[in-house]
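I opened my notebook to look up a few things in this structure. Here is what I jotted down, entry by entry.

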Amino acid sequence: MPTTLFLDRALLPDGWASGVRLTIEGGMITARQSGQTPRTGEAREALGVPGLSNLHSHAFQRAMAGLAERRGPAADSFWTWREVMYRFLARLGPDDVEAIAAYAFADMLEAGFTAVAEFHYLHHSPDGSPYADVAELARRHLKAADDTGIGITLLPVFYAHATFGGEPPTPGQRRFINDPNRFARIVEALQNDRATVGVAPHSLRAATPDELQAILPLTTGPVHIHAAEQVKEVEDCLAWSGQRPVEWLLDHAGVDPRWCLIHATHLTRSETLRLARSGAVAGLCPITEANLGDGIFPASDYLAAAGAFGVGTDSNIAIDAAGELRQLEYAQRLSLRGRNLLSRTEGESTGRALLTDALKGGAQALGQRLGALAIDHRADVVCLDMNHPDMAGRGDDLALDTWIFSQGRAAISSVYAGGRRVVENGRHLGRSAINTRYSTVLRGLTA
Ligand SMILES: [Zn+2]
């Protein structure tokens, strides 16, 4: 049975429109009309924009938010944070993983993300042996997505080595490790579930060139890889191959629009231009990158070269669609000492420009029809709270700028995911059960 959603104002692919009625069937938009008047009893919202895709998440890391914010004995860095992460995940079982994922996904929906690309590398039991079902933990993420309503592209991660040159993995990495054959079984199991599945070689540290060639053909879905997040990683890659990670990928891996390079923080000018021209998506995670002290992506140069990007929440330290876009712009302002650096033309709203680009890049990176209030796209709508005091007298682009630069998730009233209203008055409808389950897991982990 088709249902409808009426939006007084809506951001459509060609701009703002009034009186928009979306007809929704099977979770997808099957018809769209503008200039309509609402019908009695019809679901109605004041202002709707397409839901954003979160193109990079490690859901389980949500539960360690706040656990790595103390100064260590030596210089603290991404690498010391990673040690905390390895110790933490040694304790997680399948039920814990599912409860944490449900909590993170509900949080994403409340924060304006209606779909997620889960970069899933926690495959095996705590001692490193595979579960009876090799795809057990991946399936727990699909279950959490189904329960919360978020759209998902699952990216099983291929991880086999500690560093460049095929070095054996460390004990802390035992839950991630597969050879190409066992990895293929995980991918196949998920394809049988009819999930949208891509592949994610974890990084050039974790997969050799031969392994990369073996796993890329396993799906026709997106390919995601961590690249050039850390200066040390760039130096190690240079020592291994004579090339920088993004340079190596562009020269040897066939990077094209199917690809999403996560972080791509440390780029030369030539890499920046070549990545932009490749049609691949730069998967930026500005809040996590700030939290981990990674560095600043050259967004201003990259966008000037018409590069595609989307945003992700990565470690899930703080989940906020508007916050990621804001942090992306603010890092440019701080480093380049200017304002409104990621909009393109005089008078253009920076919030609108950031949202438009991230919707497009996010949908491309998830390999699904998302990110537009248009026919044959998933019916994902984020509705802003036009009764919020900060929204008084503001509409359209000004409402977007107020959401993105001022209020963040507090400005979101309702969220529809796959046509289902899953967030009401800023709160996910399954919140109390999800919270109870999550707090129990968290208490157990810190006991
Ligand atoms: Zn990541």
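**Entry 1: a polar pair.** I began with side-chain contacts, and asparagine 178 and histidine 124 caught my eye: their side chains make a polar contact of 3.0 Å. Before going on, I noted that this is a predicted model.

I then asked which other side chain asparagine 178 reaches with a polar contact. My note says arginine 182, at 2.8 Å.

Where does asparagine 178 sit? I found it in the loop between strand 7 (151-158) and helix 4 (180-192).

Buried or exposed, I wondered about asparagine 178. Its relative accessibility is 3%, and because buried means under 20%, asparagine 178 counts as buried.

I also listed what asparagine 178 touches, leaving out residues up to four places away in sequence: His123, His124, Phe158, Tyr159, Ala160, Phe183 and Ile186.

**Entry 2: helix 2.** Next I checked the length of helix 2 (residues 94-110). With 17 residues at 1.5 Å a residue, helix 2 should span 24 Å, and its end C-alpha atoms are indeed 24 Å apart.

How many of the 17 residues of helix 2 are buried? I wrote down 15, so helix 2 is largely enclosed by the rest of the structure.

Just after helix 2, I spotted glycine 112 with a positive phi of about 105°.

**Entry 3: the cores.** I turned to the largest nonpolar core, which has 132 residues. The members that touch the most others are Phe105, Leu249, Trp259, Leu261, Phe309, Leu355 and Trp403. Helix 2 gives this core its largest share, eleven residues.

I followed phenylalanine 105 further. Not counting residues up to four places away in sequence, phenylalanine 105 touches Ala59, Val116, Glu118, His141, Ala144, Ala145, Thr148, Ile150 and Ile152.

Another core, of 14 residues, lies apart from the largest one; among its members I noted Ile29, Ala379, Val381 and Tyr416.

**Entry 4: the sheet.** Two of those names came up again when I looked at strands. I traced an open sheet of eight strands, in the order 3-2-1-4-14-15-16-17, with mixed pairing.

Which strands stand at the edges? They are strand 3 (28-33) and strand 17 (427-428); each has a single partner strand, so one side of each is left without a neighbour in the sheet.

Within the sheet, I picked out strand 14 (residues 381-384) and strand 15 (residues 412-417), which run antiparallel and are joined by four bridges. Valine 381 stands opposite tyrosine 416 in strand 15, and I had already met both residues in the core of 14 residues.

Conventions: Residues are numbered from 1 along each chain as its sequence is written. This is a predicted model: local features need pLDDT of at least 70, side-chain atom pairs count only at pLDDT 80 or more; totals for chains, interfaces and linings use all residues. Side-chain values use heavy atoms; hydrogens and water are left out. Helices (H or I, at least four residues) and strands (E, at least two) are DSSP runs, numbered from the N terminus. Buried means under 20% relative accessible area, exposed over 50%, partly exposed in between (1.4 Å probe, protein chains only). A polar contact is a pair of N or O atoms within 3.5 Å; within protein, one must be able to donate a hydrogen and the other to accept it, and residues adjacent in sequence count only if both atoms are side-chain atoms. Contact means heavy atoms within 4.5 Å. Two strands pair if DSSP finds at least two bridges between them. The expected span of a helix is 1.5 Å times one less than its number of residues. A nonpolar core is a set of buried Ala, Val, Leu, Ile, Met, Phe, Trp, Tyr and Cys residues joined through side-chain atoms within 4.5 Å.
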